[in-house]
Amino acid sequence: NHPLVVVSDLHLRSPQDKNYELFLDFLSRLGPEVKYLVLNGDIFDFCFGWSSYFRNKFTSIGSSLEKLSQLGVKVIYIHGNHELFLSKLGWKGVFFEKKYWHRVVLANNTSVAITHGDYLRAPWHYHVYKWCVSSWLTKVFFYLTPQAYLDRWALSLADVSRGQDFYQKLDHKAIIEKAHSWLQGSQCNHAVFGHYHVPYEQKFGDKWVLCVDSW
């Protein structure tokens, strides 16, 4: 019995990716024994929800999630920093969280705060950036840009970002402290985040702070 399943940072780029096939197989193995399936951001390396190009590109995942919802699984999608306007994908039965985090309450009243993690240690200019890329002006610009070109451009930027080896320069202690502080503010029993591509497991009293690894 797995009442809560959380996946994060798959960074799927194409239906031809091995991880894409593995994820579809993973979804096919889930059933009504799962009460909550939380997609905790950056499931895709880039996805622009308003575009039919991306809806068609990732349609098999949408169909799998819709089937899980029909089985009674509560499917929740939290935005990552590689995804824009996800609610416009139109996947029936999938709840797209508008806030940067979501609270799940299990049958035993245990509450779990879940967030992608990009806001945990975000400087002020990151908040400005997020506001800009989520604006209607950005939506119009992206919508008018040839979608195959937009896709290639966004994926190339992601490659450049990862090439800077950012994840090897993390202040792991500071990340855990920020996550613990956020957990306290959420008033939940436990916290789960992602984004950093590093698995963390830290206990504070009777509260756990966990970070989901990338695929």
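Trainee: Which residue in β11 is the bridge partner of Val 192?

Mentor: Leu 210. A caution before we go on. This is a predicted model: local features need pLDDT of at least 70, side-chain atom pairs count only at pLDDT 80 or more, and totals for chains, interfaces and linings use all residues. Residues are numbered from 1 along each chain as its sequence is written, and side-chain values use heavy atoms, with hydrogens and water left out.

Trainee: What makes β9 and β11 a pair?

Mentor: Start with the elements. Strands (E, at least two residues) and helices (H or I, at least four) are DSSP runs, numbered from the N terminus. Two strands pair if DSSP finds at least two bridges between them. β9 and β11 (residues 207-211) have three, in the parallel sense. The rule is met, so they pair.

Trainee: How do you know that β8 belongs beside β9?

Mentor: Three bridges join β8 (residues 111-115) to β9 (residues 190-193), and the two run parallel. Val 112 stands opposite His 190 in β9.

Trainee: Why is the pairing in the five-stranded sheet called mixed?

Mentor: Strands of a sheet pair through backbone hydrogen bonds, either parallel or antiparallel. Here β8 and β9 run parallel, whereas β10 and β11 run antiparallel, with five bridges. In that antiparallel pair, Gln 202 stands opposite Val 209 in β11. The order is β7-β8-β9-β11-β10, and the sheet is open.

Trainee: Why are β7 and β10 edge strands?

Mentor: β7 (101-105) and β10 (200-204) each have a single partner strand, so one side of each lacks a neighbour in the sheet. Neighbouring strands here are turned by 15 degrees against each other on average, direction ignored. The axes are lines fitted to C-alpha atoms, for helices over the stretch in contact; angles run from 0 to 180 degrees between N-to-C directions.

Trainee: What lies between β10 and β11 in their hairpin?

Mentor: Two residues. Gly 205 in the turn has a positive phi of about 65 degrees.

Trainee: What is the strand order in the four-stranded sheet?

Mentor: β1-β2-β4-β6, open, with parallel pairing. β1 and β6 (94-97) are the edge strands, each pairing on one side only. The twist averages 20 degrees from one strand to the next. Four bridges join β1 to β2 (residues 36-39), and Val 6 stands opposite Val 38 in β2.

Trainee: Why is Asp 9 called buried?

Mentor: Buried means under 20% relative accessible area, exposed over 50%, partly exposed in between (1.4 Å probe, protein chains only). Asp 9 has 1%, so it is buried. Asp 9 sits in the loop between β1 (4-7) and α1 (18-28). Contact means heavy atoms within 4.5 Å. Not counting residues up to four places away in sequence, Asp 9 touches eight named residues, including His 116, His 195, His 197 and Trp 215.

Trainee: What makes Asp 25 and Arg 29 a salt bridge?

Mentor: The rule asks for a side-chain nitrogen of Lys or Arg within 4 Å of a carboxyl oxygen of Asp or Glu. This pair is at 2.8 Å, N to O, so it qualifies. Asp 25 is partly exposed at 35%, and Arg 29 is exposed at 63%.

Trainee: How many salt bridges does that rule give?

Mentor: Six. Among them, Lys 57 and Asp 151 meet at 2.6 Å, N to O. Lys 57 is in helix α2 (residues 52-57) and Asp 151 in helix α6 (residues 147-163), 94 residues apart. Lys 57 is buried at 15%, and Asp 151 is buried at 4%.

Trainee: Why does the pair of Lys 130 and Asp 118 count as a salt bridge?

Mentor: The N to O distance is 3.8 Å, so the pair falls within the cut-off. Lys 130 is in helix α4 (residues 124-133), and Asp 118 is in the loop between β8 and α4, twelve residues away. Both are buried.

Trainee: Which residues are linked in a network of salt bridges?

Mentor: Arg 13, Asp 45 and Asp 159.

Trainee: What makes the nonpolar surface patch?

Mentor: Val 140, Tyr 143 and Leu 144, over about 340 Å². Patch residues have over 30% relative accessible area and no salt bridge; nonpolar side chains (Val, Leu, Ile, Met, Phe, Trp, Tyr) are joined within 5 Å, like charges within 9 Å. Areas come from the Shrake-Rupley method with a 1.4 Å probe; for residues, only the protein chains shown count as cover. Tyr 143, in helix α5 (residues 136-144), has 52% and is exposed.
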